[in-house]
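Biologist: Please pick a single part of this model and walk me through it closely, then show me how the rest fits around it. I would like the cut-offs spelled out along the way.

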Amino acid sequence: MTTAPDPAPAAAGAAPDTDVPPAAGGGVGGQVDVRSLARQRPGEAMWLLVTEIDGLAGEVFTASIVPGPQPRAFGGDVLLHLAPGTGPQAPAAICVAAWTVAAGVLIPVAAWDLPDDGGWPERIRATVAFAMSTMTELGEHVGLGELDPVDLDAAAGTAVPGLPWPLTANRQVAAAG
């Protein structure tokens, strides 16, 4: 899945004084092997756009850091939200949530509070692979709003599980025809 071009000037990358960690190869927002992030504890919450995943354990699992003070994604995108843990094991835990975007809506897929032992990417791999294949298949039949930006931080507070009504309405029309 790819993200549509972002017309806002801030979309080219985070400002040099932001807390966004550099991606592999030194660039902000560039491709990073998600497994390499498992060795770093996030100091604050961050969004990652999953760019490629191989369903086999230990294979390709890459993402791009979504930059900016107002991170945005587009229909069909699959994202990860990483944050320091908040539970009773907070000093040694990481909160990982998988999300997707469709028809201008941020949709929760799954969330985990996991030990920060470096193994979280493999624990979530199957769910992320499923979300990516589902969005690819769905995108072949209905418009996912690939050009409609969604403010991730704002939408995360109002997200509800399930597909948004425009997609379910299109599915019912297609089934009836």
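Modeller: Happy to! Let's take strand β6, which is mostly covered: ten of its ten residues are buried. Buried here means under 20% relative accessible area, exposed means over 50%, and partly exposed is anything in between, with a 1.4 Å probe and protein chains only. Elements are DSSP runs numbered from the N terminus: helices are H or I with at least four residues, and strands are E with at least two. Keep in mind that this is a predicted model, where local features need pLDDT of at least 70 and side-chain atom pairs count only at pLDDT 80 or more, while totals for chains, interfaces and linings use all residues. Residues are numbered from 1 along each chain as its sequence is written, and side-chain values use heavy atoms, leaving out hydrogens and water.

The burial of β6 applies to both faces. On one side, Ala93, Cys95, Ala97, Trp99 and Val101 are all buried, and so are Ile94, Val96, Ala98, Thr100 and Ala102 on the other.

Now for the neighbours in the sheet. Two strands count as paired if DSSP finds at least two bridges between them. β5 and β6 run antiparallel and are joined by seven bridges, with Val96 as the bridge partner of Leu82. On the other pairing, β6 and β7 are antiparallel over ten bridges, and Cys95 stands opposite Asp113 in β7. These two strands form a hairpin with two residues between them. Ala103, in that turn, has a positive phi of about 50 degrees although it is not a glycine. For context, most residues other than glycine have a negative phi. Ala103 counts as partly exposed because its relative accessible area is 26%.

Stepping back, β6 belongs to an open sheet of six strands in the order β1-β3-β2-β5-β6-β7, with antiparallel pairing. β1 (31-33) and β7 (105-115) stand at the edges with a single partner strand each, so one side of each has no neighbour in the sheet. From one strand to the next, the twist averages 35 degrees. At the β1 edge, β1 pairs with β3 (residues 61-65) over three antiparallel bridges, and Gln31 has Ser64 as its bridge partner.

What lies across these strands? Helix α2 (residues 120-139) does, crossing β2 (46-53), β3, β5 (78-84), β6 (93-102) and β7, and running at about 165 degrees to β7. The angle is taken between N-to-C directions on a scale from 0 to 180 degrees, using axes fitted to C-alpha atoms, for helices over the stretch in contact.

That brings us to packing. A nonpolar core is a set of buried Ala, Val, Leu, Ile, Met, Phe, Trp, Tyr and Cys residues joined through side-chain atoms within 4.5 Å. The largest one has 31 residues, and Val96, Trp120 and Ile124 are among those with the most contacts inside it. β6 is among the elements that give two or more residues to this core, but α2 gives the most, with eight. Contact, meaning heavy atoms within 4.5 Å, links Val96 to Leu80, His81, Leu82, Ala110, Ala111, Trp112, Leu114, Trp120 and Ile124, leaving aside its neighbours within four places in sequence. A second, separate core of twelve residues includes Leu79, Trp99, Val101 and Leu106.
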